[in-house]
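Subject: A structure for you to look at

Hello,

Here is the structure I promised to pass on to you. Please open it next to this email and follow along as you read.

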Amino acid sequence: MPALKALVIGMALLIVAGLAVVAVTIANRTLDGGGPTDAAFALPPGAEILETALDGGRIALRLRLADGSTAIHVYDLDTGERAAVARIGPDGG
């Protein structure tokens, strides 16, 4: 009987410790990245945004450029820096 009592107490402590880990993890994730991000992007002159897509810390913008071609610009949301450009059309736009 004493062994069973010790086993039950040990499992109860493990449950409490597990719940504490889950609570701390949820709190950290909520506090670290829960707020909105303010970012400014430098678009090419005369560009029109046709479509947007978010993926983690990046945003992809499908643009119609001033010359009528289409391009996709990918920006980092934390820095506002352009991470990639893809021109769409014959011979790259």
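Below is what turned up, starting with the overall layout and ending with the charged pairs. Please keep in mind that this is a predicted model.

**The overall layout**

The protein contains 1 helix and 4 strands. If you walk along the chain from the N terminus, the order of the elements is α-β-β-β-β. There are 93 residues, and 13% of them count as buried. The protein exposes about 7,100 Å², and 62% of that is supplied by carbon and sulfur atoms. Take the contacts between residues at least 6 apart in sequence: 12% of these join residues at least 24 apart.

**Strand β3 and its two neighbours**

A good place to begin is strand β3, which covers residues 70-76. How much of strand β3 is buried? The count is 5 of its 7 residues, so the strand is largely enclosed by the rest of the structure.

Strand β2 (residues 58-64) pairs with β3 in the antiparallel sense, over 7 bridges. To find one of these on your screen, look for R58, whose bridge partner in β3 is D76. The two strands form a hairpin with 5 residues between them. In that turn you will find G68, which has a positive phi of about 95°.

Strand β4 (residues 82-88) also pairs with β3 in the antiparallel sense, here over 6 bridges. For this pairing, try A71: its bridge partner in β4 is R87. β3 and β4 form a hairpin too, again with 5 residues between the strands. The turn holds G80, with a positive phi of about 80°.

**An aromatic pair**

How many aromatic pairs does a search of the whole structure find? It finds 1. The partners are F41 and Y75, and their rings are 4.7 Å apart, centre to centre. The planes of the rings make an angle of 40°, and the pair counts as tilted. F41 sits in the loop between α1 (2-33) and β1 (48-55), while Y75 belongs to strand β3, so the pair ties together parts of the chain that are 34 residues apart in sequence.

Are the two partners buried or exposed? Y75 is buried, with a relative accessible area of 1%. F41 is partly exposed, at 26%. The cut-off for buried is under 20% relative accessible area, so Y75 falls below it and F41 does not.

**A nonpolar patch on the surface**

Next, turn the model to the start of the chain. M1, L4, L7, V8 and M11 make a nonpolar surface patch of about 550 Å². One of its members, M11, lies in helix α1. M11 counts as partly exposed, with a relative accessibility of 43%.

**Charged pairs**

Here is some background first. Side chains of opposite charge can pair when their charged atoms come close. How many salt bridges are there in this model? The count comes to 3.

- E48 and R64 meet through their side chains at 3.3 Å, N to O. E48 is in strand β1 and R64 in strand β2, so this salt bridge links parts of the chain that are 16 residues apart. Both partners are partly exposed: E48 has a relative accessibility of 41%, and R64 has 38%.

- R62 and E51 form a salt bridge at 3.0 Å, N to O. R62 lies in strand β2 and E51 in strand β1, so the pair ties together parts that are 11 residues apart in sequence. R62 is partly exposed at 33%, and E51 is partly exposed at 43%.

- D67 and R87 form a salt bridge at 3.5 Å, N to O. D67 lies in the loop between β2 and β3, whereas R87 is in strand β4, so parts 20 residues apart in sequence are tied together. D67 is exposed, with a relative accessible area of 57%, and R87 is partly exposed, at 39%.

You have now met R87 twice: as the bridge partner of A71 and in the salt bridge with D67. Strand β3 also came up more than once, as the partner of β2, as the partner of β4 and as the home of Y75.

Enjoy exploring the model!

Best wishes

Methods
Residues numbered from 1 in each chain as written. Predicted model: local features only at pLDDT ≥ 70, side-chain atom pairs only at ≥ 80, totals over all residues. Heavy atoms only, no water. Buried < 20%, exposed > 50% of the residue type's maximum accessible area, 1.4 Å probe, protein only. Pairing = 2+ DSSP bridges. Contact = heavy atoms within 4.5 Å. Areas by Shrake-Rupley, 256 points an atom, 1.4 Å probe, with all protein chains shown as cover. Phe/Tyr/Trp six-rings, centres within 6.5 Å; stacked < 30°, edge-to-face > 60°. Patch = residues over 30% accessible without salt bridge, like charges linked within 9 Å, V, L, I, M, F, W, Y side chains within 5 Å. Salt bridge = Lys/Arg side-chain N within 4 Å of Asp/Glu carboxyl O.
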